[in-house]
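Here is a short report on one protein chain. It starts with charge, then turns to overall form and one sheet.

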Amino acid sequence: MPSITTGNIAGQPHYIPITAEELKMTGKNTPDIILVSADAYVDHPSFAAALLGRTLINAGFSVAIISQPDWKDREGTDFAQFGRPNLFFAILPGAVDPMVSAYTPALRRRHDDAYSPGGKPTRPEKTTLVYTNILHRLFKDTPIIIGGIEASLRRFAHYDYWSDTVKQGMLADAPASLLVYGMGELQLIEIASRLKNGESAKDLTDIRGTCYTMSIAAFREHPPAGTVLPGYPDVVKKEIYAEAFRTQYLSKDTLIQPHPKTVIVQNPPARPLTTEELDIIYELPYTRKQHPAYKEPIPALTPIQFSVTTHRGCFGACSFCAITHHQGKEIVSRSEASILREVERVTKMPEFRGTVSDLGGPSANMYASHCANWEKNGPCPDKNCTTCPSLKLGTEEQLSLLRNVSKVRKVKHVFISSGVRYDLIPNTEDGDKYLRELTEHHISGHLKVAPEHISDRVTRLMNKPGKAAFDAFCKRFDALQKDKPRRQYLVPYLMSSHPGCRIDDMVTLALYLREKGMYTEQVQDFTPVPMTLSTAMYYTGLDPLTGKKVHVPLGDEKRIQRALLQWKDPKQYDYVVSGLLKAGRSDLIGDLVPNKGLPPVKKSGSSKKRRV
């Protein structure tokens, strides 16, 4: 695969062109690559169009962006505004899965979109299919590359929660040349380089981190080396689906899945970027602002405008989360020097008021974590990295980073808003020092943590630490609150209706929160997104890794589980009563007041409550 090197920074435009007039100002009439983005264009490295666009420009290609095109226009005017690109179109369906963006877990339509001007929804459902079909109709012979969260997690036959069916892999439906999965910088550079050198898109079948299709006849005559998964529609059968998912989850090899009209082939994953490469792409000259063409603010920018990404990857491998499948388990951290240079540039922005809003990644305290096995064979697919003795945590490195960023001129506060993995804070003197500095200098009134549940049978299926680990952390956190003029609070993220969770588990969790003086007004109701282990459990009723049966909350039980964590909400009263009766806890109904819920447990000392 290619590498990312320092390019011509002077050749980077102030903003990537989003109109033909802006493109001409760069000296180009036709761009090499057109990125078609369902998000508004914000020139910030947390937004895919900016990150990929500037990385491709750094590699020597010209780029234009079609941002939130009018997909209802039959003429396709917005899609055709730049004409045909020299090399290819790339579809960027959005930072949030389009179906998650469109619907709540209860399948109610959402009425806002943080990635659009004024928060107004504009993207279509199944964005990639809609955009790809329009482009294929307008530019039939031009290569179209699909990727991002939507396509990446739908590269094989997958369960679709919104239709309650198993769908084909996306390349079986979308008229695209290639599917890029995972983080796509290296793949897009290689695709662009090889197309520029005269290769045909149909011959690009050996690029790591991509999927391609082949005809059924070609597959029968010359099958590629690799593991053949159960095909579609056989994989609709739940036992077969679980088997196929287990193979996908544990394999690092080429995977092949036949479909009725085509065969999808997935090449092995792309290599992670190096520290040097990560430094380069995050130090490109982003303005950190939305394109001036937008007259309304883009809500997603506000909380992250002055945030800084320190690393990629997450080895937590939570069963319900897609980050591991998209960024990988291996942690790649930026150098401290690079991060400090980025912070110094941020401080020169006239809008900066002294606060770095977040210094982190998927879990901030995974920064600089490392395992010697990663260099040899990559992360172990069947092991839990969080409890592996081979893992070296980067606690000291993160402390050094936080201290040095805090010393940068004009920086008043450095916060960690992305949360930390509390189970990775060592129960040692160094760990205590880290937690003390974290609470004293790098959080405001609360610290975000994600126990998700306290029932051990549920947390095991979630691949999360159990109640004992959370209790131990709460005790350490509370010990640090002594003698503080203002108490700080934990903000635990909690989830209802995860596979394996029963109503009595939610009653136990509700009572635990009451005992701890906590209450949650917002609950994350489990949403089955494609290609996660939890979604495979939800669809099949099986744990694909063990073959054991798993209870799946459905229908009213999902409503009841959610309501039990919102016992103070009068609207939830009937569901809470129903849940208590089903759990055999009618003894608690006497304590339940229709307009107030369960009264708090009376305790000596402070009466303040921790609010989730």
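How far apart are the mean positions of the positive and negative charges of the protein chain? They lie 4 Å apart. The chain carries 79 positive and 66 negative charges. The model is a predicted one.

**Overall form**

The protein chain has 612 residues and a radius of gyration of 25 Å. A compact globule with 612 residues would have a value near 25 Å, so the chain agrees with that rule. Along the principal axes, the C-alpha atoms fill a box of roughly 75 × 60 × 50 Å. Buried residues account for 55% of the 612. Take the contacts between residues at least 6 apart in sequence: 76% of these join residues at least 24 apart. The exposed area is about 26600 Å². Carbon and sulfur atoms supply 51% of that area.

**Secondary structure**

The protein chain holds 20 helices and 26 strands. An open sheet is built from 9 of the strands, with mixed pairing. Its strand order is 3-1-4-5-8-9-12-11-10. Strand 3 and strand 10 form the edges, and each pairs on one side only.

Strands of a sheet pair through backbone hydrogen bonds, either parallel or antiparallel. Inside this sheet, strand 4 and strand 5 run parallel and are joined by 3 bridges. One residue pair can be named here: Ile91 has Ile146 in strand 5 as its bridge partner.

The table lists residue ranges for strands of this sheet.

| Strand | Residues |
|---|---|
| Strand 3 | residues 63–67 |
| Strand 4 | residues 88–92 |
| Strand 5 | residues 144–146 |
| Strand 10 | residues 227–228 |

Technical notes
Residues are numbered from 1 along each chain as its sequence is written. This is a predicted model: local features need pLDDT of at least 70, side-chain atom pairs count only at pLDDT 80 or more; totals for chains, interfaces and linings use all residues. Side-chain values use heavy atoms; hydrogens and water are left out. Two strands pair if DSSP finds at least two bridges between them. Helices (H or I, at least four residues) and strands (E, at least two) are DSSP runs, numbered from the N terminus. The radius of gyration is taken over C-alpha atoms; the globule rule is 2.2 Å times the number of residues to the power 0.38. Buried means under 20% relative accessible area, exposed over 50%, partly exposed in between (1.4 Å probe, protein chains only). Contact means heavy atoms within 4.5 Å. Accessible areas come from the Shrake-Rupley method with a 1.4 Å probe; for residues, only the protein chains shown count as cover. Lys and Arg count as positive and Asp and Glu as negative; His and the chain ends are not counted. The place of a charge is taken as NZ of Lys, CZ of Arg, CG of Asp or CD of Glu.
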